[in-house]
Amino acid sequence: MQSLKALVGLRSRSRNSCSFQRPRFLSHHYQRPFSAQPNYTPQNDDLEDQVLVQGRAKSRASILNRPSALNALTTSMVARLKRLYESWEENSNIGFVLMKGSGRAFCSGADVVTLYQLINDGNVEECKKFFETLYKFVYLQRTYLKPHVAILDGITMGGGAGISLPGMFRVVTEKTVFANPETQMGFHPDAGASYYLSRLPGYLGEYLALTGDKLNGVEMIACGLATHYSLNARLAWVEERVGKLITDEPSVIETALAQYGDLVYPDRGSVLHKIDTVDRCFCHDTVEEIIDALEKEAAESYDEWCKTALKKLSEASPLSLKITLQSIREGRFQTLDQCLAREYRISLNGVSKRVSNDFCEGVRARLVDKDFAPKWDPPSLADVSKDMVDCCFSRLDEFEPELQLPTALREPHM
């Protein structure tokens, strides 16, 4: 399994037409749709059944096990993961940790239908607890002292990416589908998304965050989100090989993962071959300017990709679009803990309906009533004021605690 570096050659370095400048894409060894809709039917609520554990000679594996809900995360699931990972980190007999999902998904993200129901029941505090627990686990992953292998086979969206991408090794397959579709639900890419998306090549992060478009496993390799590629049919061999390792040495794990790997390149229709166009259109300071640039590009090139991107933007929450763009832009100059603290404030303001009911409306339209006709408030970009956006980034009130992360004990890599 080899990491594809061909994307470097695809990207134009000229940004003279844009006022916003960004640093280089940060990459190092330790860097840490909505067509896919879960079936939220009643199921076994036994916590140990929802997060399974496999013990091996020198490692442990956690298995997300809510396949009928695409392994969507609940507070109790993330809390169990955090407890397990903390205990494994302290156990000198465990060299490394692996995470995977059951069924056709690795993890579709947060169980937003449960959050929606909690909000409608007036139990916003439980929603806040979910985000606090999730973000603390994301931070634990980023600062984990032992090698971590995430097998992202299948749907990997939102919080599912948040709990896996911070780890050392990320294995993808031909079945991997990655996306941050939150703007289509009246929310914002969170769980560290403003950190990892803002560090993608060019303005690819803005494109993915605003449109919610998908990447496949090959594209994740190309842009640095994943470290290894393997065919789904070989995963059993990969897991067997890794499971027999008696080591905590990253290079040994790397060699084992590479044994059944493949050298891959994005196909000709990939968005990565349009990185110059992505940069031209998504480099601008405002959502309105991005849309204008896409419309101009569509008129001049007759490129269907531009029309598709415009359609996705038109379907998203106008408030979420503006919040998301600002969050990504701030994220590229911040550490992960700073990104998580900001995302926490945005999330709490969203579930508290401080400015808008767009999150609940988006979940209703997409996953509850499934009429796909959300009534956004405000209804247009022109109606979204700077004060509204700023309010979403601010603390709820002076008594609302900020997200507390153990930065003094666990310093994140920049």
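The exercises below, each with a worked solution, concern a predicted model.

**Exercise 1. Overall content**

State how many helices and strands the protein has, and what share of its residues is buried.

Solution.
- Step 1. The secondary structure consists of 18 helices and ten strands.
- Step 2. The protein has 414 residues, and 59% of them are buried.
- Step 3. The accessible surface is about 16700 Å². Carbon and sulfur atoms contribute 49% of that surface.

**Exercise 2. The open sheet**

Give the strand order of the open four-stranded sheet and identify which strands stand at its edges.

Solution.
- Step 1. The order is β4-β6-β8-β9, and the pairing is mixed.
- Step 2. β4 (105-107) and β9 (215-216) each have a single partner strand, so they stand at the edges, with one side of each lacking a neighbour in the sheet.
- Step 3. Strand β6, residues 155-157, pairs with strand β8, residues 177-179, in the parallel sense, and three bridges connect them.
- Step 4. One residue pair can be named here: Thr156 has Phe178 in β8 as its bridge partner.

**Exercise 3. Strand β3**

Determine with which strand β2 pairs, in what sense, and how many residues of β3 are buried.

Solution.
- Step 1. Strand β2 covers residues 59-64 and pairs with β3 in the parallel sense, over six bridges.
- Step 2. Gly101 in β3 is the bridge partner of Leu64.
- Step 3. β3 runs over residues 96-101, and five of its six residues are buried, which leaves the strand mostly covered.

**Exercise 4. Salt bridges within a helix**

For the pairs Glu132 with Lys136 and Glu315 with Lys311, find the distance and the helix that holds each pair.

Solution.
- Step 1. The search of the whole structure gives 22 salt bridges.
- Step 2. Glu132 and Lys136 are joined by a salt bridge of 3.0 Å, N to O. Both residues belong to helix α5 (residues 124-142) and are four residues apart, about one turn of the helix.
- Step 3. Partly exposed begins at 20% relative accessible area; Glu132, at 29%, therefore counts as partly exposed, and Lys136 is partly exposed at 25%.
- Step 4. In the salt bridge of Glu315 with Lys311, the closest N and O atoms are 2.4 Å apart. Helix α14 (residues 304-315) holds both, again with a spacing of four residues, about one turn of the helix. Glu315 is partly exposed, at 29% relative accessibility.

**Exercise 5. A salt bridge between distant segments**

Work out which parts of the chain the salt bridge between Arg345 and Glu402 ties together.

Solution.
- Step 1. The closest N and O atoms of Arg345 and Glu402 are 2.6 Å apart.
- Step 2. Arg345 lies in helix α16 (residues 336-351), and Glu402 is in the segment after α18 (386-393), so the salt bridge ties together parts 57 residues apart in sequence.
- Step 3. Arg345 has a relative accessible area of 21% and is partly exposed; Glu402 is also partly exposed, at 24%.
- Step 4. Elsewhere, salt bridges with shared partners join Glu361, Arg364, Asp369 and Asp371 into one network.

**Exercise 6. A charged patch**

Name the residues that form the surface patch of negative charge with Asp285, and place Asp285 in the chain.

Solution.
- Step 1. The patch gathers Asp285, Glu289, Asp292 and Glu295 on the surface.
- Step 2. Asp285 is found in the loop between α12 (275-282) and α13 (287-301).
- Step 3. The relative accessibility of Asp285 is 38%, so this residue counts as partly exposed.

Definitions and conventions: Residues numbered from 1 in each chain as written. Predicted model: local features only at pLDDT ≥ 70, side-chain atom pairs only at ≥ 80, totals over all residues. Heavy atoms only, no water. Patch = residues over 30% accessible without salt bridge, like charges linked within 9 Å, V, L, I, M, F, W, Y side chains within 5 Å. Areas by Shrake-Rupley, 256 points an atom, 1.4 Å probe, with all protein chains shown as cover. Salt bridge = Lys/Arg side-chain N within 4 Å of Asp/Glu carboxyl O. Lys, Arg positive; Asp, Glu negative; His and termini not counted. Charge placed at Lys NZ, Arg CZ, Asp CG, Glu CD. Helix = DSSP H or I, 4+ residues; strand = E, 2+ residues; numbered from the N terminus. Buried < 20%, exposed > 50% of the residue type's maximum accessible area, 1.4 Å probe, protein only. Pairing = 2+ DSSP bridges.
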